[in-house]
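Colleague: I am new to this structure and would like a close look at one part of it. Please take me through that part slowly, in one connected answer.

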2 protein chains.
Amino acid sequence: MSSFYKTSINCNFMLETLDCMLEKSHKYVSCASCSARKDSLFSNHCDHELDELDESKSCNYYKKNQPLFIEGSFPRGVFCLNGGKVKVFTRGDEGKEQIIHIAKEGEIIGFRAMLSGEPYKVSASTLEECNICYIGKEDFLNMIETNSVLRNGIMKELSKELGERAVFITNMAQKSVRERLAFALLILNDVYKPEQINLTREDLANFVGTATETLIRLLKDFKEEGVIEIHTRKLEIVDANKLERIAGTR
Amino acid sequence: MSSFYKTSINCNFMLETLDCMLEKSHKYVSCASCSARKDSLFSNHCDHELDELDESKSCNYYKKNQPLFIEGSFPRGVFCLNGGKVKVFTRGDEGKEQIIHIAKEGEIIGFRAMLSGEPYKVSASTLEECNICYIGKEDFLNMIETNSVLRNGIMKELSKELGERAVFITNMAQKSVRERLAFALLILNDVYKPEQINLTREDLANFVGTATETLIRLLKDFKEEGVIEIHTRKLEIVDANKLERIAGTR
DNA sequence: CTAAAAAAATGATGTATGTCATCTTTCTAT
DNA sequence: ATAGAAAGATGACATACATCATTTTTTTAG
């Protein structure tokens with residue numbers, strides 16, 4: 001695990017080029033042409049800044065279920081998700097994962113720990129094949145210091161997430177598993193659209209905060225009530241309004 | 001409710017002086033002499049900056065159970081807690097409070113919503129008599145823009161809290177009520193020390209995320225196990241190590 | 001294409017915790 | 001000091017959900 005981690009984050013341009021030859025899905029993406037950038041924190045970067053970003057970053061291909069970083073280790077840079085989904089999670093005392101967030105294209109991952117100066121409080125792994133760029137700590141902190149638009153964007157993002165997590169905590173504390181599942185499906189629908197939700201039952205259970213068996217039974221209920229359709233692993237939301245009603249007002 | 005809110009935040013120096021005459025507990029505190037400031041985000045302010053802060057702030061006395069701000073409203077400034085405790089909470093769908101955080105002297109409250117540009121996602125009320133200073137939005141944002149030490153402190157604080165909330169969510173999802181109560185008592189012990197924990201059973205239940213009756217029963221268990229002592233409302237931790245063991249490894 | 005492994009599904013069972021109802025103690029205001 | 005209100009405490013009961021055990025289906029790798 002940690003050996004991969006090192007390999008991944010230390011990979012320099014040579015390695016990256018090598019990777020590129022070996023892995024067909026891996027491609028170098030310039031920030032200027034990155035489609036995920038349009039609604040990211042870098043959306044306001046001018047050409048000049050994008051060039052700088054291109055020079056300081058590396059661009060890597062990740063297979064399914066590969067860790068980006070692990071709880072307890074120290075951050076040395078941030079990850080910018082070009083393609084694919086990533087889960088951010090902590091482990092409880094018995095090792096069970098609690099998924100805090102599912103990140104999609106355009107999101108920057110791992111800057112919280114870097115700004116706090118503490119080791120990571122969460123881990124992150126790919127949920128599918130991903131293209132992820134990496135920006136070293138120095139470069140990123142420098143960008144924040146000099147670029148007030150980026151900096152304000154980050155402060156705004158941190159604050160927004162803090163608010164979201166207050167709601168998350170309240171949901172965990174007060175809603176039934178059924179309600180939380182409905183809530184989770186609505187969130188995931190946004191993350192995955194226009195595609196269908198594509199997670200293992202276990203990951204979904206770990207996001208909702210329940211046992212896998214309970215989750216499976218509730219999915220069946222939802223299917224029988226006509227709110228979702230199950231295509232083996234993929235879940236299709238067919239009645240979002242009803243899901244909202246089940247989830248409650250929030 | 002909201003009428004109080006308005007009165008409070010719009011109060012100018014005249015009103016404040018009036019308050020001061022009416023309320024014996026209310027006193028104006030200059031930032032330079034504020035004992036709560038030493039480990040606050042303003043700890044690095046120089047004399048000149050403190051003077052500025054003094055000029056832009058107002059200083060108000062709050063009775064027990066008075067709201068500072070309410071979920072859904074828009075922030076117009078931040079609150080700096082000079083004395084007393086404040087609860088920060090959301091309400092679930094049935095109106096039940098979920099306490100997210102208990103703030104003590106020196107903490108700045110309400111800057112998350114201000115930075116996010118969104119309405120408050122949480123409410124805040126005093127848990128006891130409080131002295132609280134108020135800094136208007138303009139002044140505060142201006143300070144952040146010009147003072148990089150303060151700004152970095154705030155980014156650090158936001159990031160740190162985000163990490164803490166990930167742990168909080170995991171605890172909510174995976175720990176038993178008994179474990180969560182042990183965890184909560186340890187946190188509250190830090191907040192209240194050197195005094196004893198002083199909360200209603202209902203507030204404590206809303207922090208732990210359980211029913212008041214369940215909480216009362218568990219407190220009794222802890223008392224019988226010799227880990228706490230109950231002095232009517234006040235709770236004394238007598239065996240913190242054992243509490244840590246009960247709470248689990250985190 | 002097939003075997004093995006992983007994921008999904010189903011059933012049976014136990015229990016932690018929420019809910020409701022009642023009673024007692026403590027606090028608050030006059 | 002006293003009455004009324006709020007907070008605290010206790011019991012009886014119901015149930016949502018976790019756990020464990022087993023079977024079926026899907027995915028993966030050789």
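What rotation, and what shift along its axis, superposes chain B on chain A? With that settled, please look closely at the surface near DNA strand C, and then at the space enclosed by the protein.

Modeller: This is a predicted model, and the values below are computed from it. Chain B is superposed on chain A by a rotation of 180 degrees with 0.0 Å of shift along the axis, and the RMSD is 0.0 Å. The two copies are thus related as by a two-fold rotation axis. Of the interface residues of chain B, 100% are also interface residues in chain A, so the copies meet through the same surface.

Now the DNA. DNA strand C is surrounded by 15 residues. The closest are Arg201(A) and Arg217(A) from chain A, with Val177(B), Thr210(B) and Thr214(B) from chain B. Sorted by class, the surface near DNA strand C has 8 charged, 4 polar and 3 nonpolar residues. On the DNA side, 57% of the atoms of strand C within 4 Å of the protein belong to sugar or phosphate, and the rest belong to bases.

Individual contacts reach both parts of the strand. For the phosphate, a backbone N or O atom of Arg201(A) lies 2.8 Å from a phosphate oxygen of DNA strand C. For the bases, an N or O atom in the side chain of Arg217(A) is 2.8 Å from a base nitrogen of DNA strand C. Chain B also takes part: a polar side-chain atom of Glu213(B) is 3.1 Å from a base nitrogen of the strand. The elements that give two or more residues to this surface are helix 8 (201-208) and helix 9 (212-224) of chain A, together with helix 9 (212-224) of chain B. Helix 9 of chain A gives the most, with 4 residues.

Next, the enclosed space. There are 6 cavities of 30 Å³ or more, and the largest has a volume of about 230 Å³. The lining of this largest cavity has 22 residues, and those nearest its centre are Val88(B), Arg112(B), Ala113(B), Val122(B) and Arg165(B). By class, the lining divides into 11 nonpolar, 6 charged and 5 polar residues. Both chains supply elements with at least two lining residues each: helix 6 (148-174) from chain A, and strand 5 (97-103), strand 6 (108-109), helix 4 (111-116) and helix 6 (148-174) from chain B. Helix 6 of chain A has the largest share of this lining, 4 residues.

The second largest cavity holds about 180 Å³ of space. It is lined by 18 residues, of which Arg112(A), Ala113(A), Lys121(A), Val122(A) and Gly163(B) are closest to its centre. Helix 4 (111-116) of chain A and helix 6 of chain B are the elements that give two or more residues to this lining. The largest share, 4 residues, comes from helix 6 of chain B. This lining has 9 nonpolar, 4 polar and 5 charged residues.

A few backbone details remain. The peptide bond from Lys193(A) to Pro194(A) is cis, with omega near 15 degrees, and Pro194(A) is in the loop between helix 7 (177-192) and strand 9 (197-198) of chain A. In chain B, a cis peptide bond joins Lys193(B) and Pro194(B), with omega about 10 degrees. Asn65(A), although not a glycine, has a positive phi of about 60 degrees. Asn65(A) is found in the loop between strand 1 (57-62) and strand 2 (67-69) of chain A.

Key:
Residues numbered from 1 in each chain as written. Chains lettered and ligands numbered in written order. Predicted model: local features only at pLDDT ≥ 70, side-chain atom pairs only at ≥ 80, totals over all residues. Heavy atoms only, no water. Near = heavy atom within 4 Å. Polar contact = N/O pair within 3.5 Å; in protein donor to acceptor, adjacent residues only side chain to side chain. Nonpolar A, V, L, I, M, F, W, Y, C, P; charged D, E, K, R; others polar. 1 Å grid on protein atoms, 1.4 Å probe; cavity = no way out; pocket = protein on both sides within 12 Å on 5 of 7 lines; lining within 4 Å. Points joined across faces, edges and corners; volume = space filled by probe spheres on them. Least-squares fit on C-alpha atoms with pLDDT ≥ 70 in both. Contact = heavy atoms within 4.5 Å.
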